[in-house]
Amino acid sequence: TTWHGQDALLHKDGHFCDVAYAASPLVAAGIALGAVIEVRDVTIEKSLEAARRALLENEQRARSEAEASNRAKDEFLAMLGHELRNPLAAITNASHLLGHRRGDQLAEARAVIQRQSAHLARLVDDLLDAARVASGKIVLAQGPLDLAEVVSRTLATLNASGRSQRHRISVNLEPTWVLGDETRLEQIVTNLATNALRYTPAGGHIEFGVTSEDNDAVLTVTDSGIGIPTEILPHVFDLFVQGDRGLERAHGGLGIGLTLVKRLTELHGGTAHASSEGTDRGSTFTIRLPRISVPGGHRQPMLPLNNAFEKRRVLLIEDNGDARAMLRTILELAGHVVTERPDGPSGLTAALDVRPDVALIDLGLPGLNGYDVARGIRDSMPDYPIKLIAITGYEQPQDRLQALQAGFDAHLVKPVEPDSVLREVADTSHVSQHAG
């Protein structure tokens, strides 16, 4: 009988080597005289075998990743077809309605085409940006920016579009400066907000925060939505990854928004992180960017852009619908209660009925100009401490003097900055000079 085996032996130079051995008995006339033992160094063979196994494992892993990537691309293309067909179907039907001559149908068709065309434009923009980021073709136009102002403006635009009306939105924005590309930072905020809105049921709560921590500017978006499954969480920023793959496609989207968030953040030298306690437990997305000091010559806002100060009842009188919507959104995001009117006569009536704390009044109003509205308010409510703020495109000293003579307390020049509006609305300490 021959014995075979393998072992590791200590070489005389002090290192271990792998060996294979075979031992055969040496027998003569039925008497065991000894044994013949063969020992062979198999270190190289074992190394080659280990390398072959590693190569095979790598090949299998690469094949598995390639198959997963192909599946993701196939799912993405199918999803893209679905997402494009929805607005195209709406546009097709709306175009058909344009052949009818009823005014209400024409207006509805035009509105549908506008909304769905904007949706298609956003899809195409995301696709192009994903390609640009992947190929390194995005170049940032960086400058000093207050991240809180970027978030405030972006949310005002979303709210004015009606995309956030079904949710409870709260903000806590501390002025925090970064070196960034304004367009790309707005894109980051928009994609995070859109993601939160998409995956948070109507009536749910979404909170936006900007603060500074050590050398970082920190943006957080926290929602009370459907959460992120544990198996998806590590891949939530990967291209084409979505938690919802069902036929009903309840939440829509292409699955590239968060990828853009991460890569645009990294281009700014920052990091993106997602956390969730699981399904139906909500989620939080945290963006960290390098913080810079307040640029020289820039006056730090007297009040933070948040909703911590006293809530005011504000009357907004502005005939331009878009401008009115933007101002209303800025004020409501800060926690104020807003009544709006589109012309002078209805604005004066609302002031007498609502008796607000503050009135923002455009001077070029139809029916009754802003100066006359201010005089009417002062004459009708001589003892009521309402603050009147003029909004105008004229900024000469005589324009400010004329506004003060008409009874205004403050004079803001278009385009008004959000923090200027919020400061003036919050500060009612000097209004009593017009009372009595």
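**Surface, core and salt bridges of the predicted model**

L9, Y21, I37 and V39 together form a nonpolar patch on the surface, with a combined accessible area of about 370 Å². The model in which this patch appears is predicted. Of the patch members, Y21 belongs to strand β2, which covers residues 16–28. With a relative accessible area of 34%, Y21 is partly exposed.

The chain as a whole contains 10 helices and 16 strands. It comprises 436 residues, of which 41% count as buried. Its accessible surface amounts to about 23,500 Å², and 52% of that area belongs to carbon and sulfur atoms. When contacts between residues at least 6 apart in sequence are considered, 66% of them join residues at least 24 apart.

The largest nonpolar core has 42 residues, and the members that touch the most others are V151, L192, F208, L219, F237, F285 and I287. Helix α4, made up of residues 182–198, gives the most to this core, contributing 7 residues. Apart from this core lies another, of 21 residues, which includes I317, I361, L363 and A406. Within the 42-residue core, the surroundings of F208 can be listed in detail. Beyond its neighbours within four places in sequence, F208 is in contact with V151, L155, I169, S170, V171, N172, L173, A193, T220 and V221. V151 is thus a contact of F208 and also one of the core members that touch the most others.

L258, located in helix α5 (residues 257–267), makes contact with several of these core residues. L258 has a relative accessible area of 10% and is buried, because this value is under the 20% limit. Residues up to four places away in sequence being set aside, L258 touches L192, N195, V236, F237 and F285. Of these contacts, L192, F237 and F285 are among the core residues that touch the most other members. The C-alpha atoms of L258 and L192 are separated by 7.2 Å in space, although the two residues are 66 apart in sequence.

A further arrangement of buried residues is found in helix α7, which runs from residue 344 to residue 354 and in which G344, G347, L348, A350 and A351 are buried. Viewed down the axis of α7, these buried residues fall within an arc of 160 degrees and therefore line one face of the helix. In an α-helix there are 3.6 residues a turn, so residues three or four places apart point the same way. The elements that cover the buried residues of α7 include strands β12 (313–317) and β13 (337–341) together with helix α8 (370–380). Just after α7, R355 adopts a positive phi of about 50 degrees.

T211 lies in strand β7, which spans residues 205–213. Its relative accessible area is 27%, and T211 is therefore partly exposed. Apart from neighbours within four places in sequence, the contacts of T211 are E174, T176, D216, A217 and V218. The C-alpha atom of T211 is 9.9 Å from that of R288, a residue 77 places away along the chain.

The structure holds 18 salt bridges. In one of them, the side chains of R40 and E45 meet with an N to O distance of 2.9 Å. R40 has a relative accessible area of 39% and is partly exposed, and E45, at 43%, is likewise partly exposed. A second salt bridge joins E49 and R53, whose closest N and O atoms are 3.8 Å apart. Because E49 and R53 are 4 residues apart in helix α1 (residues 43–97), about one helical turn separates them. E49 is partly exposed at 33% relative accessibility, and R53 is partly exposed at 45%.

The salt bridge between R281 and E277 has its closest N and O atoms 2.5 Å apart. Both partners are exposed: R281 has a relative accessible area of 52%, and E277 has one of 60%. Salt bridges also link E149, R153, E182 and E186 in a network. Two residues of this network, E182 and E186, fall within helix α4 (residues 182–198), the helix that gives the most to the largest nonpolar core.

Definitions and conventions: Residues are numbered from 1 along each chain as its sequence is written. This is a predicted model: local features need pLDDT of at least 70, side-chain atom pairs count only at pLDDT 80 or more; totals for chains, interfaces and linings use all residues. Side-chain values use heavy atoms; hydrogens and water are left out. Helices (H or I, at least four residues) and strands (E, at least two) are DSSP runs, numbered from the N terminus. Buried means under 20% relative accessible area, exposed over 50%, partly exposed in between (1.4 Å probe, protein chains only). Contact means heavy atoms within 4.5 Å. Accessible areas come from the Shrake-Rupley method with a 1.4 Å probe; for residues, only the protein chains shown count as cover. Patches are made of residues with over 30% relative accessible area and no salt bridge: like charges are joined within 9 Å, nonpolar side chains (Val, Leu, Ile, Met, Phe, Trp, Tyr) within 5 Å. A salt bridge is a side-chain nitrogen of Lys or Arg within 4 Å of a carboxyl oxygen of Asp or Glu. The arc is that of the directions from the helix axis to the C-beta atoms. A nonpolar core is a set of buried Ala, Val, Leu, Ile, Met, Phe, Trp, Tyr and Cys residues joined through side-chain atoms within 4.5 Å.
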